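Colleague: Got a minute to walk me through this one? I'd like to start with the overall layout and then get into the details.

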Amino acid sequence: SLKGKTAVITGSNSGIGLGVAHELARAGADVVINSFTDRDEDHALAEAIGKEHGVTARYIQADMSKPDQCRALIEQAGRCDILVNNAGIQHVAPIDEFPVEKWDAIIAINLSSAFHTTAVALPMMRAAGWGRIVNIASAHGLTASPYKSAYIAAKHGVVGLSKTTALETARENITCNAICPGYVLTPLVEAQIPDTAKKYGMTEEEAKQKVILERQPSKEFATVEQIGGTAVFLCSDAAAQITGTTISVDGGWTAL
Ligand code: NAD
């Protein structure tokens, strides 16, 4: 059980982050969820997690594109036994047309934020004598596709950062790993479906099956519960010697 541990999950008012927060709370952890907004519904999501799983759940606003806010998130949490770096955005365009501000935002949110939160969380984990860092990378942290240069560079970077973090903590009771999901049907992916359908002259259902799941041999989306369950496993005693590596949850994508 993760009772008594506090988990901070970045970018968790939606999709995979929210799913991971639910699974860690189900396993007994108190959770801090986060995004850059500060709406009633953000705080309501935390309240719902607390009620459903009988844990303490808080929402803390912080913009993961800003180094000082990444650091402030962990400081405000006050304690961070489990850190899940999940915040991420996508933009699709060929390199020669890729907007510079999109490149900068993707590198900041998808990669640099994990460096900043880790830098503040590690001393807390060392003081507690235990820590788990789970970085949400992607199948695109291990393989590439055209038109996603910033995302793929950032996700490969997250895999590299995870390995270095693991080496710097190897003699301590702290592990760091990256989960590499294939396609999960979250708002981030749903947003790509209408354009994809239009581009290929297909219905949205055909676009999902024939284009989006083309790389995923199982022909099924992974679920946020499965990603959350993998994070819970990485926090378990069974995973104490798993560090500096990646776990793919991708229906066979990276086996192709
Ligand atoms: P999503 O859009 O549902 O969730 C992204 C989360 O990040 C949201 O909670 C959003 O509020 C938050 N976020 C965005 N910008 C932020 C910022 N500046 N500061 C703080 N929070 C911010 O998408 P998702 O699919 O759940 O993606 C979550 C992570 O999983 C991302 O890192 C993504 O790259 C990764 N991933 C997703 C898939 C997939 O198929 N959905 C596959 C592999 C990896």
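**Layout, sheet and helices**

Modeller: Sure. In this predicted model, the chain splits into domain 1 (6–184 + 222–250) and domain 2 (185–220).

Colleague: How many Å separate the centres of the two domains?

Modeller: Taken over C-alpha atoms, the centres of domain 1 and domain 2 are 25 Å apart. Where they touch, domain 1 puts in nine residues and domain 2 eight residues.

Colleague: And what sort of residues does domain 1 bring to that side?

Modeller: Four are nonpolar, four are polar and one is charged.

Colleague: OK, on to the sheet. What's the strand order?

Modeller: It goes β3-β2-β1-β4-β5-β6-β7, seven strands in an open sheet with parallel pairing. At the edges sit β3 (57–61) and β7 (246–249), each of which pairs on one side only.

Colleague: What's the average twist from one strand to the next?

Modeller: 20°.

Colleague: Let's zoom in on β5 and β6. How many bridges join them?

Modeller: Six, between β5 (residues 131–136) and β6 (residues 174–181), with the two running parallel. As one pairing there, Val134 has Asn177 in β6 as its bridge partner.

Colleague: Now helices. Which strands does α4 touch?

Modeller: α4 (residues 100–128) packs on the sheet against β4 (82–85), β5 and β6, and its direction is about 170° from that of β4. There's also α3 (residues 67–77), which lies across β1 (6–9), β2 (30–35) and β3 and runs at about 160° to β1.

Colleague: Back to α4: where is its kink centred?

Modeller: On Ser112, with a kink of about 45°.

Colleague: How does the end-to-end distance of α4 fit with its 29 residues?

Modeller: It agrees: at 1.5 Å a residue they should span 42 Å, and the end C-alpha atoms are 41 Å apart.

Colleague: And which residue just after α4 takes a positive phi?

Modeller: That's Gly129, with a phi of about 75°.

Technical notes: Residues are numbered from 1 along each chain as its sequence is written. This is a predicted model: local features need pLDDT of at least 70, side-chain atom pairs count only at pLDDT 80 or more; totals for chains, interfaces and linings use all residues. Domain bounds come from an automatic or database domain assignment. Two residues are in contact if their C-beta atoms, placed from the backbone, lie within 7 Å. Ala, Val, Leu, Ile, Met, Phe, Trp, Tyr, Cys and Pro count as nonpolar, Asp, Glu, Lys and Arg as charged, and the others, Gly among them, as polar. Two strands pair if DSSP finds at least two bridges between them. Helices (H or I, at least four residues) and strands (E, at least two) are DSSP runs, numbered from the N terminus. Axes are lines fitted to C-alpha atoms, for helices over the stretch in contact, and angles run from 0 to 180 degrees between N-to-C directions. The expected span of a helix is 1.5 Å times one less than its number of residues. The bend at a residue is the angle between axes fitted to the seven residues ending there and the seven starting there.
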